[in-house]
Amino acid sequence: MQDQRAHLVNLADLAGDAIQNSTQHALSATYALAALVRQGRGSILNFDDIANEMLTYYPGAASLQLAPGGIVQHIIPLAGNEKAIGHNLLQDPTRNKEAFLARDTGQLTLAGPFELKQGGLGAVGRLPVFLNNSQGKPSFWGFTIVLIRYPQAFQDARLEQLTLNEIAYELWRIHPDSGQKQSIAKSSDATLIDPVVRTLNMPNGSWTLSVAPLKSWHEPRWLTLKIALGLLFSLLLGYLAKLLIELRTHERYLETLVLNRTVEIIARKLAEVELHAELIKHQETARELFDARVWLAETDRQEAVGRLAAGVAHEVKNPLAIIRLGIDYLSKEFSPESTQGAILGKVQQAVIRADS
């Protein structure tokens with residue numbers, strides 16, 4: 001659909017540009033006629049010959065006209081346009097709106113499309129011409145006119161080529177007075193379905209070129225294949241989506257499994273750290289208990305030694321006291337110089353050392 005619409009957009013652009021260019025080119029003939037009128041100070045010598053030659057350079061123009069004072073007096077070619085001779089553009093209630101607009105603004109205006117007096121559908125481009133009067137001021141002389149017939153003016157757009165390519169078209173506008181749709185050219189009376197549109201900027205407003213396939217946007221012979229391909233593509237997309245969902249689910253399961261394993265490892269490491277801390281604590285407690293026991297044993301030993309020493313001292317001091325009394329008594333009986341006195345002196349010194 002996108003490719004087909006893009007193709008029709010290109011065709012509509014080409015045809016629209018051709019219509020705009022051919023219309024603008026045909027309307028430009030009014031400027032050439034206006035230049036000749038000014039050069040001839042209100043008249044064109046040999047108008048018929050000049051106009052016939054000009055028509056060869058403006059293929060979109062059906063006829064060239066001069067309307068001095070707003071009244072059509074000269075038309076080339078005259079054949080088929082006789083009814084337009086003497087037509088007063090400023091007094092025609094169906095045409096004077098555009099005529100007055102052109103005269104008052106001094107700008108080229110395009111009137112139509114409308115039914116021509118000489119028959120058929122066409123549009124008229126009018127360029128007001130002003131000449132200096134005797135006072136040297138611009139004065140309205142009349143109009144130089146180009147008549148454009150439809151659909152002959154669209155030959156450069158090759159609209160018939162669209163029909164040969166099974167493409168329907170319609171060129172239309174909204175009438176500025178009635179607000180109704182006005183068809184300018186179309187391939188058939190059938191209603192276009194969901195057409196591609198191209199807006200054309202014309203001197204009298206906007207025209208619209210609508211383009212659509214002559215039959216339908218989908219050819220029946222390819223519709224079944226396109227539906228089958230679309231269904232197959234949809235199934236493949238669905239299967240791919242299923243695989244992606246399963247892959248995402250598996251990835252989440254693996255992530256959860258890794259997370260649980262990581263938590264278990266961290267918990268095990270924490271337990272090992274706590275156990276190691278407990279062992280260190282127990283070792284320190286055992287070491288403290290051992291040191292306490294050693295200290296208590298040393299204390300008990302020292303107390304036992306003290307008690308033993310005290311007991312020994314008590315047991316020794318009593319005999320020493322007796323011995324000391326005996327020595328003191330015997331020392332009175334023997335002289336210190338005698339052998340007995342000397343022995344008693346040594347014994348006495350030994351007793352004193354032992355007692356101390």
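How far apart should the ends of helix 1 be, given its 26 residues? Keep that in mind as you load the model, which is a predicted one.

**Stop 1: helix 1**

Select residues 2-27 and put a distance between the two end C-alpha atoms. At 1.5 Å a residue, helix 1 should span 38 Å, and the end C-alpha atoms sit 37 Å apart, so expectation and model agree. Now colour the buried residues of this helix: Leu8, Leu11, Ala12, Ala15, Gly16, Ala18, Ile19, Gln20, Ser22, Thr23, Ala26 and Leu27. Gln20, Ser22 and Thr23 are among the buried ones, so don't look just for Leu and Ala here; buried means under 20% relative accessible area.

**Stop 2: the open sheet**

Next, show the strands. Five of them, in the order 2-1-5-4-3, make an open sheet with antiparallel pairing. Strand 2 and strand 3 are the edges, each pairing on one side only. Look along the sheet and you'll find neighbouring strands turned by 20 degrees against each other on average, direction ignored.

Zoom in on the strand 3 edge. Strand 3 (109-115) runs antiparallel to strand 4 (residues 121-132), and 5 bridges join the two. Pick Glu115 and look across: Leu121 in strand 4 stands opposite.

**Stop 3: a cis bond after strand 2**

Go over to the other edge, strand 2 (74-76), and on to Pro77, which is in the loop leading from that strand to helix 4 (96-105). Check omega between Ile76 and Pro77: the value is about 0 degrees, a cis peptide bond. Most peptide bonds are trans.

**Stop 4: two residues with positive phi**

Which loop holds Asn46? Select it and you land between helix 2 (29-39) and helix 3 (47-55). Phi of Asn46 is near 55 degrees, a positive value in a residue that isn't glycine. Most residues other than glycine have a negative phi. Asn46 counts as exposed because its relative accessibility is 57%, and the cut-off for exposed is over 50%.

Then jump to Glu166, in the loop between helix 5 (159-164) and strand 6 (167-174). Here phi is near 60 degrees, again positive in a non-glycine residue. Glu166 has a relative accessible area of 40%, so this residue is partly exposed.

**Stop 5: the second largest pocket**

Switch on a surface. The second largest pocket has a volume of about 180 Å³. To light up its lining, select Lys97, Glu98, Leu101, Thr109, Leu110, Ala111, Gly112, Arg173, Pro176, Asp177, Pro203 and Asn204. Helix 4 and strand 3 are the elements giving two or more residues to this lining, and strand 3 gives the most, with 4 residues. Colour the lining by class and you get 5 nonpolar, 3 polar and 4 charged residues.

**Stop 6: inside the protein**

How many cavities of 30 Å³ or more does the structure hold? There are 2. For the second largest cavity, select Pro59, Gly60, Gln152, Ala153, Gln155 and Asp156, which line it. The space in there is about 50 Å³. By class, its lining has 2 nonpolar, 3 polar and 1 charged residues. A clipping plane through the selection will help you look in.

Notes: Residues are numbered from 1 along each chain as its sequence is written. This is a predicted model: local features need pLDDT of at least 70, side-chain atom pairs count only at pLDDT 80 or more; totals for chains, interfaces and linings use all residues. Side-chain values use heavy atoms; hydrogens and water are left out. The expected span of a helix is 1.5 Å times one less than its number of residues. Buried means under 20% relative accessible area, exposed over 50%, partly exposed in between (1.4 Å probe, protein chains only). On a 1 Å grid over the protein atoms alone, a cavity is a set of points where a 1.4 Å probe fits but cannot get out, and a pocket is an open set with protein on both sides within 12 Å along at least five of seven lines; lining residues have an atom within 4 Å of a point. Grid points are joined across faces, edges and corners, and a volume is the space filled by probe spheres set on the points. Ala, Val, Leu, Ile, Met, Phe, Trp, Tyr, Cys and Pro count as nonpolar, Asp, Glu, Lys and Arg as charged, and the others, Gly among them, as polar. Two strands pair if DSSP finds at least two bridges between them. Axes are lines fitted to C-alpha atoms, for helices over the stretch in contact, and angles run from 0 to 180 degrees between N-to-C directions.
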